[in-house]
Amino acid sequence: MPSTPPRPRALFAMGRRHRDALFPRAAIDRLTRHVDIDPRFVAETFETVPEPAAVELLITSWGCAPLDAAALARMSGLKAVVHAAGSVKHHVTDACWDRDIRVSTAAAANAVPVAEYTLAAILFANKRVREIGGLYREHREALDWAAHYPGFGNYRRTIGLVGASLVGRRVLELLRPHDFDVLLADPHLDPAEARSMGARLVGLDEMLAVCDVVSLHAPALPETHHLLDARRLSLLRDGATLVNTGRGSLVDTDALTAEASSGRVHAVLDVTEPEVLPATSPLYSLPNVLLTPHIAGSLGGELQRITRSALEEVERYCAGEDFAHAVTRAALTTSA
């Protein structure tokens, strides 16, 4: 009788609280059917990993230490990384690509709640839900809402998305059932690709000038730092709403604060620069700004989608199959 090949040796590498949230008992049971792993040990640093050379598969998430040359020298048998979160830029280094280590991410799973948040933000922004709710709470009587917000509502509004990222593409799917005109700005697409996603490709400046809502889904790269600076923010038409669930660095915070404080534009901000604004920032209290503390991504029960994605990738690896959500070195140059 042929012997059963040994199961890959795996290791959790992430913040312990994330391991506890992502991998409850049922997930551990499913995982241990395929890999040899000590579920009690979580590597928050690679200096303390027992028998590091035996580790073949890393299961990573938020809080994973960088996989630099020194870490990989210890884990000489490492062949693959399955990331139970979104971006791998924080821990997958050039040393990983130089070693031809296979990398997978659950970014597609994490994109789902971000896109859902974005759709809700767009619909509520055009309906002026936050502003009308504030007036209703203040006056506690029915007012002429159309007089306060002429033309408010979602019919035939123009929506602009900046970046056809995983989240951006998911938002485009969610927008299809609605009566919107959708514009897309992305230097890596051609008009035919944009049309196939239900949008019209335009330049960023043109988009800012005509859209009712502009939503940011571009990666944080040197060339996208303060992509929306004072000049571009001034192009937003009066009454337009800026939604940012992407990266805080995409927007010049001081310039946006000035525009929002004037009352000329509205904003829904789940990410900012800095990540937590100073307590004195006007953005906390402006009636035309909704500020949330980076909650658009997977939280609570939504983490189960990320766990499922990661487990499925582990199973594919153990079966000798390609990853469904592989990451390449080249793709990281234009992604989050």
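What is the volume of the second largest pocket? The volume of the second largest pocket is about 210 Å³. This structure is a predicted model. One open sheet has 4 strands, and another open sheet has 7 strands. The model also holds 1 cavity of 30 Å³ or more.

**The sheet of 4 strands**

- The strand order is E1-E2-E3-E4, and the pairing is parallel.
- Strand E1 (10-13) and strand E4 (102-105) stand at the edges. Each has a single partner strand, so one side of each has no neighbour in the sheet.
- On average, neighbouring strands of this sheet are turned by 15 degrees against each other, direction ignored.
- Strand E3 (residues 80-83) pairs with E4 over 4 bridges, in the parallel sense.
- Within that pair, valine 81 has valine 103 in E4 as its bridge partner.
- Helix H13 (residues 303-318) packs on the sheet. The helix touches strand E2 (57-60), E3 and E4. The direction of H13 makes about 160 degrees with that of E3.

**The sheet of 7 strands**

- Here the order is E7-E6-E5-E8-E9-E10-E11, again with parallel pairing.
- Strand E7 (200-201) and strand E11 (289-291) are the edge strands. Each pairs on one side only.
- Strand E5 (residues 157-162) runs parallel to E8, joined by 4 bridges. Isoleucine 159 has valine 213 in E8 as its bridge partner.
- On to the next pair: E8 and strand E9 (residues 241-244) run parallel and are joined by 4 bridges. Valine 214 stands opposite leucine 242 in E9.
- E9 in turn pairs with E10 over 4 bridges, in the parallel sense. Leucine 242 stands opposite alanine 267 in E10.
- Strand E8 (residues 213-216) is covered on both faces. Val213 and Ser215 are buried on one side. Val214 and Leu216 are buried on the other.

**The second largest pocket**

- The lining of this pocket counts 16 residues. Nearest its centre lie Ala121, Phe124, Ala125, Val268 and Leu290.
- Three elements give two or more residues to the lining: helix H5 (107-127), helix H6 (129-139) and strand E10 (266-269).
- H5 supplies the largest share of the lining, 5 residues.
- By class, the lining has 9 nonpolar, 4 polar and 3 charged residues.

**The largest cavity**

- About 50 Å³ of space lies inside the largest cavity.
- The cavity is lined by Asn244, Gly248, Val251, Thr253, Leu256, Leu269, Val271, Thr272, Glu273 and Leu283.
- That lining divides into 5 nonpolar, 4 polar and 1 charged residue.

**Aspartate 38**

- Aspartate 38 sits in the loop between helix H2 (25-31) and E2.
- Its relative accessibility is 33%. Aspartate 38 therefore counts as partly exposed, because that class lies between the buried limit of 20% and the exposed limit of 50%.
- Aspartate 38 and arginine 74 are 36 residues apart in sequence. In space, they are 18 Å apart, C-alpha to C-alpha.

Key
Residues numbered from 1 in each chain as written. Predicted model: local features only at pLDDT ≥ 70, side-chain atom pairs only at ≥ 80, totals over all residues. Heavy atoms only, no water. Pairing = 2+ DSSP bridges. Axes fitted to C-alpha atoms, helices over the stretch in contact; angles between N-to-C directions. Contact = heavy atoms within 4.5 Å. 1 Å grid on protein atoms, 1.4 Å probe; cavity = no way out; pocket = protein on both sides within 12 Å on 5 of 7 lines; lining within 4 Å. Points joined across faces, edges and corners; volume = space filled by probe spheres on them. Nonpolar A, V, L, I, M, F, W, Y, C, P; charged D, E, K, R; others polar. Buried < 20%, exposed > 50% of the residue type's maximum accessible area, 1.4 Å probe, protein only.
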